[in-house]
Amino acid sequence: MAGENLKSKVVNGLFWKLLEQSGYQGVQVLVGILLARLLTKEEVGTVSMIGIFITIANTFVQSGFATALVQRRKVSEEDYDSVFWISMLLSLGCFLLLFLLSPFVAGYYRVKALCPMLRAMALVLFPGGVISIQTAWISRNLQFRALFRATMGAVLLSGAASVSMAFLGFGAWSMAWQQLIYYFSLMLFLFWDLPWRPRALFRLRSVEKLFSFGWKILVSGLIDTVWQNVYGLVIGRKYSLSELGVYNRGEMFPKLICATLSSSVQSVMLPAYSKLQSDRERLRDAARRSIRLSAFLLFPMMAGMMAVSRPLILFLLTEKWISVVPYLCIFCFYYAIYPMHSINLQLLNAAGRSDLFLKLELLKKGIGILVLIGSLPFGILPMLLLKAGVEYLDLLINAWPNQRLIGYGPIPQCVDMLPSALCSLLMALPVRLLENAGLAILPTLLLQCIAGLLLYPLISWFLNRELLLYLIALLKERIAPGNGQNPASSNP
C-alpha cells in the first residue's frame, strides 16, 4: 500500500508540476513574442547579457542547500531556518559583488546601460533565495498545486507589467522589471499559501550536515550554469549584443518547452527517487519510466519545431527576426535530450552520490571548454553545432554510472529512446515538406501543426504503441481518477 500511495503522489505531483511549468512557460513564450515585436535586437541582447550574470549568481544562492533539503530522508524545522539565513547571507554577498562589478561589466561590453540595470536586477537574488527553500518544502511534501497557483499569479502579473512598459517606451527596462516583479510576487504568493515561515533560528549543526552533500551540488550547479551561459558571454563580446539577441530568441522556444518537462521531472522525481534509493529494482523501473515518457513527449516537440521553424518565426516574430531560424533548429536538436540529463543526475543525487555528480561535471565541462576554444575561429553556427554534439556525448557520460548503480546505463537508455526518436523523425519529414505547398505563412503553419499532431500518434500506434497507451491511461486517470487500473503501477 505504501508503494502504491507513493506512486499516486508522484503522478499527482508530476501532473501539477507539468501544469505549473506549462502555464508558466506558455505565458513566458507569449510575453517573449510580444516583447520581441516591441523591442530591438540590441535591447533584447542587453537584458540577455544581464540575465547571464543574474543566473550565475542565482545558482550560487539557490543550489546546494535547497537540493540537500529535498534529498535527505529526514529534515527538521531547524534545517529550514538555518538554510534560510545562509541563503540570505549568500544573496547579500552576491548582490554586493554584482553591484561593485557592474561598472566593469558595462565597460567590458561597451554598453553604459548595463551598469544600472545589472544593479537593479541583482535584487532578485533575495527573493530567489527564499523561493528555493519554499520549493524545497513543496517538493518534500509533493504539494505542487500551491506552486501552480503562485507561479501563475506571478507570471501573469509580471508579464502584463512588462508588455505594458514596453508599449509605453521603457525599452530594455521593461524586461528588467518583468524579472523583478516575478520573483518578488512569487515569493509573496508562496508565503500566502504555505505554512512554512522562517524563524530567527540558526543551528550550525544543521548547516554542517547539509553542507557535506550540498557543497558538491553547489559547485556542480555553478559549473553547469557558467557553461550553459558562456556562449552568450562570448557572443556578446566577440560579436554584438544584436547577435546575442538573435541567439537568445533562437534559444527561447526550445528552452522553454524542454524546461517545462525537465523542471517537472526533476522537482517531482528527486524526492521520489530518494524514497526508493534502497530498492534498486523499483528505482530502475521509475528511471526507465521517466526516460521513456520524456523522450515520447519532447522528441516530437523538438522535431516538429525544427520542421516549422521558418513559418513559425515569420509569423510570431516577423521578418526582422528571420536570422533566428538556424539558431532555433540547432537549439531544438540541443535541448531534445535535456530532461534525460536531469533524470540521470537526479538518480545520483537520490543515491547520495554528489561526489560522483561533481566529478562528472568537471569531466564534461573540461571536454566542452576544449571544443569551445577549438570552434571559436569558425563562427557562431559551427560553434553551436559542436556544442550540440558535446551535449549528446555528455548524456552518455551522465548515464554511465547508473549502469553500476541501478543497472540502467547508456545502452538501455538509448534503446528506450529510439522508438520515440524514430516516430518523431517520420513525423517531421512530411511536415517539413508541407512548407512547399505554396500557401501563405499562417495557413502553412496551421497545416503543418495539424499534420504533426495527427501523424505522431498515428505513427506511434504502429511503432511505439505500448508507451502511447500508457500515456493515454495516465490522462484518463487524471480526468476520471479511481476508474480502472492505476497506470502509475504499470511499467510502460
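**Disulfides, helices and side-chain packing in a predicted model**

A search of the whole structure, which is a predicted model, finds 0 disulfides. A disulfide is a covalent bond between the sulfur atoms of two cysteines. Two cysteines may be described individually: C94 counts as buried, because its relative accessibility is 10%, and C423 likewise counts as buried, its relative accessibility being 0%.

In its secondary structure, the protein contains 19 helices and 0 strands. Of its 492 residues, 56% count as buried, and the protein exposes about 21,000 Å², of which carbon and sulfur atoms supply 69%. When contacts with a separation of 6 or more are considered, 84% of them are accounted for by residues 24 or more positions apart.

Two examples illustrate how individual residues are placed among the helices. T46 is found in helix 2, which spans residues 41-62, and this threonine is buried, because its relative accessible area is 8%. If residues up to four places away in sequence are left out of the count, T46 touches V111, L114, M117 and L241. One of these, L114, bears the number at which helix 5 (114-121) begins. L293, in turn, lies in helix 11, which covers residues 280-307, and L293 counts as buried because its relative accessibility is 12%. The C-alpha atom of L293 is separated by 9.3 Å from that of L468, although the two residues are 175 residues apart along the chain.

Aromatic side chains were examined next. The structure holds 16 aromatic pairs. Among them is the pair formed by Y24 and Y182, which is tilted, with 5.4 Å from centre to centre and 45° between the planes. Because Y24 lies in helix 1 (residues 2-38) and Y182 in helix 8 (residues 173-193), the pair ties together parts that are 158 residues apart in sequence. Both of these tyrosines, Y24 and Y182, are buried. A further aromatic pair, that of F95 and F99, is also tilted, with a centre-to-centre distance of 6.1 Å and an angle of 40° between the planes. F95 and F99 both lie in helix 4 and are 4 residues apart, which is about one turn of the helix. The two members of this pair can be described separately in terms of accessibility: F95 is buried, because its relative accessible area is 14%, whereas F99 is partly exposed, because its relative accessible area is 34%. Elsewhere in the analysis of aromatic rings, ring pairs link Y80, F84, W85, F191 and W196 into a cluster.

The backbone was also examined for positive phi values. Most residues other than glycine have a negative phi. R110, although it is not a glycine, has a positive phi of about 60°. This arginine is found in the loop between helix 4 (77-109) and helix 5 (114-121), and R110 counts as exposed, because its relative accessibility is 58%. T318 is another residue other than glycine with a positive value, its phi being near 75°. T318 is found in the loop between helix 12 (309-317) and helix 13 (324-335), and T318 counts as partly exposed, because its relative accessibility is 25%.

At the surface, a nonpolar patch of about 740 Å² is made by L422, L426, L458, W461, F462, L463, L469 and I472. At least two residues of the nonpolar patch are supplied by each of helix 17 (410-433), helix 18 (441-463) and helix 19 (465-479), and the largest share, 4 residues, comes from helix 18. One of the contributing residues, L422, has its place in helix 17. L422 is partly exposed, because its relative accessible area is 41%, and a relative accessible area of over 30% is required of patch residues.

Key: Residues numbered from 1 in each chain as written. Predicted model: local features only at pLDDT ≥ 70, side-chain atom pairs only at ≥ 80, totals over all residues. Heavy atoms only, no water. Patch = residues over 30% accessible without salt bridge, like charges linked within 9 Å, V, L, I, M, F, W, Y side chains within 5 Å. Areas by Shrake-Rupley, 256 points an atom, 1.4 Å probe, with all protein chains shown as cover. Salt bridge = Lys/Arg side-chain N within 4 Å of Asp/Glu carboxyl O. Buried < 20%, exposed > 50% of the residue type's maximum accessible area, 1.4 Å probe, protein only. Contact = heavy atoms within 4.5 Å. Disulfide = S-S within 2.5 Å. Phe/Tyr/Trp six-rings, centres within 6.5 Å; stacked < 30°, edge-to-face > 60°.
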